[in-house]
Structures are given as structure tokens and as C-alpha cells.
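Here are my notes on the model you sent. Please read them alongside the sequence and the coordinates.

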Amino acid sequence: LANLNIQSTLAVTSTENYYYILGVDTSSQKFLIRVNPNDHSYINLLSQNEYDVYAFTVSETDGITFNALRMSDGKKILGKVGIDGGDVTVIDEESDVEITYLERIN
């Protein structure tokens, strides 16, 4: 993993088959990777600069669910990505409705 240039690690979890790292590289870019513990090969699960991931969970079958800011439109999403990365399925996203909260000040 030396060629990743990891600056900091934000979260790590594992399953029977892999371990997963959410971190920041030396270019200040977040990454989410799946690592094979047998040979330490890894796969980037999300495209860089597409999502700013806050948190993630991994199921027993290595399905990844994550909470992130989608950089293209600034919406907070709950998404799912397959074991080999690639296409993201959006489970939920924040509403486009503008909310204004007014509070009376005496």
C-alpha cells in the first residue's frame, strides 16, 4: 500500500475476505479502498473527487453502504457500491426543497 501515499486513515473495517480503508492521501483527496489481505492488492471503490465519504459499513457479503457528499451537486447521499467498485446506487439523497427557519428575536 506504499504507493497510495496515505496521509491519514479515517476508518477501517473488515470482513472474512477483505479489509476496507477510508482515508486521505497526501494530495488531500479522500479514498475508499478494498484490500485483499493475502497479497495486499487493492481496488479503489469510488472515483476520486466524485464523493466526499463521511462514513461507511460493509455487510458480511462485502456490500458497501456509505454516507457522502456528492461533489457534482453538493447533495448528501446514502449510497451503495458493489464489491468491485464502479457504479453507485443512490439509496437516498437530501431533498431539493429549500427550507427557511424563522425565529422571532425580541
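The points below go through the sheets, the hairpins and a few side-chain contacts.

1. Status of the model. This is a predicted model. Every value in the points that follow should be read with that in mind.

2. The E1-E4 sheet. Four strands make up an open sheet, ordered E1-E2-E3-E4, and their pairing is antiparallel. Strands E1 (6-14) and E4 (42-44) are at the edges with a single partner strand each, so one side of each has no neighbour in the sheet. From one strand to the next the twist averages 30°.

3. The E3-E4 pairing. Strand E3, residues 30-35, pairs with E4 in the antiparallel sense, and three bridges connect them. One residue to look up here is Val-35, whose bridge partner in E4 is Tyr-42.

4. The E5-E8 sheet. A further open sheet of four strands runs in the order E5-E6-E7-E8, again with antiparallel pairing. Its edges are strand E5 (51-58) and strand E8 (88-93); each has a single partner strand, so one side of each is left without a neighbour in the sheet. The average twist from one strand to the next is 30°.

5. The E5-E6 hairpin. E5 and strand E6 (residues 64-70) run antiparallel and are joined by seven bridges. Opposite Tyr-51 stands Arg-70 of E6, and opposite Val-53 stands Ala-68 of E6. The two strands form a hairpin with five residues between them, and Asp-62 in the turn has a positive phi of about 65°.

6. The E6-E7 hairpin. Seven bridges also join E6 to strand E7 (residues 75-81), and the two run antiparallel. Thr-65, for example, has Lys-80 as its bridge partner in E7. Four residues lie between E6 and E7 in this hairpin, and Gly-74 in the turn has a positive phi of about 75°.

7. The faces of E6. Which side chains of E6 are buried, and which are not? Ile-64, Phe-66, Ala-68 and Arg-70 point to one face and are buried. Thr-65, Asn-67 and Leu-69 point to the other face and are not buried. The side chains thus alternate along the strand.

8. The aromatic pair. The structure holds one aromatic pair. Tyr-51 and Phe-66 form this pair, with 5.6 Å centre to centre and 70° between the planes, an edge-to-face arrangement. Tyr-51 lies in strand E5 and Phe-66 in strand E6, so the pair ties together parts that are 15 residues apart in sequence. The cut-off for buried is under 20% relative accessible area. Tyr-51, at 11%, is therefore buried, and Phe-66 also counts as buried, at 1% relative accessibility.

9. A charge over a ring. The charged end of Arg-34 sits over the ring of Tyr-18, and the distance to the ring centre is 4.1 Å.

10. Thr-15 and its contacts. Thr-15 is in the loop between E1 and strand E2 (19-25). With a relative accessible area of 19%, Thr-15 is buried; the cut-off is under 20%. Its neighbours within four places in sequence aside, Thr-15 is in contact with Tyr-20, Val-58, Ser-59 and Asp-62. With Asp-62 there is a polar contact between the two side chains, at 2.6 Å. Asp-62 is the turn residue with positive phi in the hairpin of E5 and E6.

Note on methods:
Residues numbered from 1 in each chain as written. Predicted model: local features only at pLDDT ≥ 70, side-chain atom pairs only at ≥ 80, totals over all residues. Heavy atoms only, no water. Pairing = 2+ DSSP bridges. Axes fitted to C-alpha atoms, helices over the stretch in contact; angles between N-to-C directions. Buried < 20%, exposed > 50% of the residue type's maximum accessible area, 1.4 Å probe, protein only. Phe/Tyr/Trp six-rings, centres within 6.5 Å; stacked < 30°, edge-to-face > 60°. Lys NZ or Arg CZ within 6 Å of the ring centre and 35° of its normal. Polar contact = N/O pair within 3.5 Å; in protein donor to acceptor, adjacent residues only side chain to side chain. Contact = heavy atoms within 4.5 Å.
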